[in-house]
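Okay, everyone, thanks for coming. I'd like to walk you through one model today, so let's get it up on the screen.

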Amino acid sequence: MTEHTKVRPYWHMDAKWIAALIFIPVFIVAFLACNLYVITTEKNAVNVSAALLTALYAPGGDQNSNQEIEQVREAIKRNQDKVLKPFPGLDIQITEQDLDQSNLANVKDKLFKELAKNIYNFDSSNIETSPDGKNNSVSTLGAMAIFTKDGHQFIGKIALISSSIALAFLVLIIFFSYGFGRLISPGIIFFIIGLPATILLLLLQKGAGNSLEAVDPEKLSLGQRAGAAVRVVGPQISDVILKNYIILTVVGIILIFIGIIGRIIQRHKTNKS
């Protein structure tokens with residue numbers, strides 16, 4: 001009796017590589033979008049955008065705090081309502097009681113968190129208008145639009161579409177692979193995507209902190225402020241998504257390991273027979 005071994009069509013190899021080349025960039029976008037979707041949930045978005053705003057517009061911690069506090073007190077006293085609204089058009093205010101109960105850094109943190117909440121729930125009804133009918137506050141959110149509810153929902157759509165496309169090409173990679181290659185092929189892809197991202201996020205965590213706390217904020221250049229923002233916000237983002245890239249890397253390693261062991265066992269059995 002003659003055994004007929006099923007021969008794998010040669011074009012399957014070409015199809016697998018084509019599917020893999022398409023899958024890799026799509027999966028990178030999909031995985032990044034899924035992580036951004038987590039980062040832009042209200043709690044995470046408010047914390048990250050508040051830290052970003054503080055680093056950009058009020059770095060330096062308590063540097064020159066006494067002078068700043070006195071300036072704020074004077075501004076409060078000049079105001080008829082005895083409050084200071086640092087962001088015109090938004091109902092965010094500082095009172096003398098705030099200055100008495102907390103240090104300047106905590107007051108700034110509170111202010112920027114309130115601003116971040118307003119940005120996240122950005123709506124025309126939250127913004128007061130001037131007598132001429134124009135907004136006194138933010139006319140456009142620019143890059144901060146990502147940290148809004150609308151931005152969160154938009155990222156969710158991108159994540160859903162790109163994940164669906166990535167899943168379709170992953171199925172093709174597995175279908176056109178052979179034997180334990182169905183584990184090894186996706187394993188290698190997950191590993192080469194997950195490992196560099198994991199290393200980058202770990203480096204971001206090591207760069208934690210605002211190194212400009214001892215510097216006069218008025219003397220800071222835009223580049224220094226941007227650098228401080230990266231050092232402050234980077235670790236916060238890393239804390240949220242690092243575990244996802246570690247899991248992706250570990251899953252890749254496990255798939256490769258199982259695939260290689262499976263091939264070794266399969267070859268051993270074939271040689272015996």
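**Starting from the core**

So, let's begin in the middle. The largest nonpolar core has 49 residues, and the ones touching the most other members are Phe23, Phe27 and Leu115. Which elements feed into this core with two or more residues each? Those are α1, at 11–39, then α2, α3 at 65–78, α5 at 104–120, α6 at 149–176, α7 at 181–206 and α8 at 222–272. Oh, and before I go further: this is a predicted model, so keep that in mind.

Let me zoom out for a second. We've got 8 helices and 0 strands in this protein, so to speak an α-α-α-α-α-α-α-α run from the N terminus on. There are 273 residues, and 38% of them are buried. If you take contacts between residues at least 6 apart in sequence, 75% join residues at least 24 apart.

Back to Phe27. Skip anything up to four places away in sequence, and phenylalanine 27 touches Ala166, Phe190, Ile193 and Leu248.

Two of those partners, Phe190 and Ile193, show up again on the α7 side of the contact between α1 and α7. Now, how do you describe a pair like that? For two packed helices, you give the angle between their axes and the distance between the axes. Here, α1 and α7 pack at about 35°, with the axes 11 Å apart, and α1 passes α7 in a right-handed crossing. From α1, the contact uses Lys16, Ala20, Phe23, Ile24, Phe27 and Ile28. From α7, you get Ser185, Ile189, Phe190, Ile192 and Ile193. Sort the residues of that contact by type and you have 9 nonpolar, 1 polar and 1 charged.

Staying on α1, have a look at asparagine 35, which is found in that helix. Is Asn35 buried or exposed? It's buried, because its relative accessible area is 2%, and the cut-off for buried is under 20%. Leaving aside neighbours within four places in sequence, asparagine 35 is in contact with Ile241, Asn244 and Tyr245.

Last stop, α2. This helix covers residues 42–57, so to say 16 residues, and spans 22 Å from first C-alpha to last, close to the 22 Å expected at 1.5 Å a residue. And which residues of α2 are buried? The list is Asn44, Ala45, Val46, Val48, Ser49, Ala50, Ala51, Leu52, Leu53 and Ala55.

Okay, that's my tour. Over to you.

Definitions and conventions: Residues numbered from 1 in each chain as written. Predicted model: local features only at pLDDT ≥ 70, side-chain atom pairs only at ≥ 80, totals over all residues. Heavy atoms only, no water. Helix = DSSP H or I, 4+ residues; strand = E, 2+ residues; numbered from the N terminus. Expected span 1.5 Å × (residues − 1). Buried < 20%, exposed > 50% of the residue type's maximum accessible area, 1.4 Å probe, protein only. Core = buried A, V, L, I, M, F, W, Y, C linked by side-chain atoms within 4.5 Å. Contact = heavy atoms within 4.5 Å. Axes fitted to C-alpha atoms, helices over the stretch in contact; angles between N-to-C directions. Left-handed = near helix turned anticlockwise from the far one by under 90°. Nonpolar A, V, L, I, M, F, W, Y, C, P; charged D, E, K, R; others polar.
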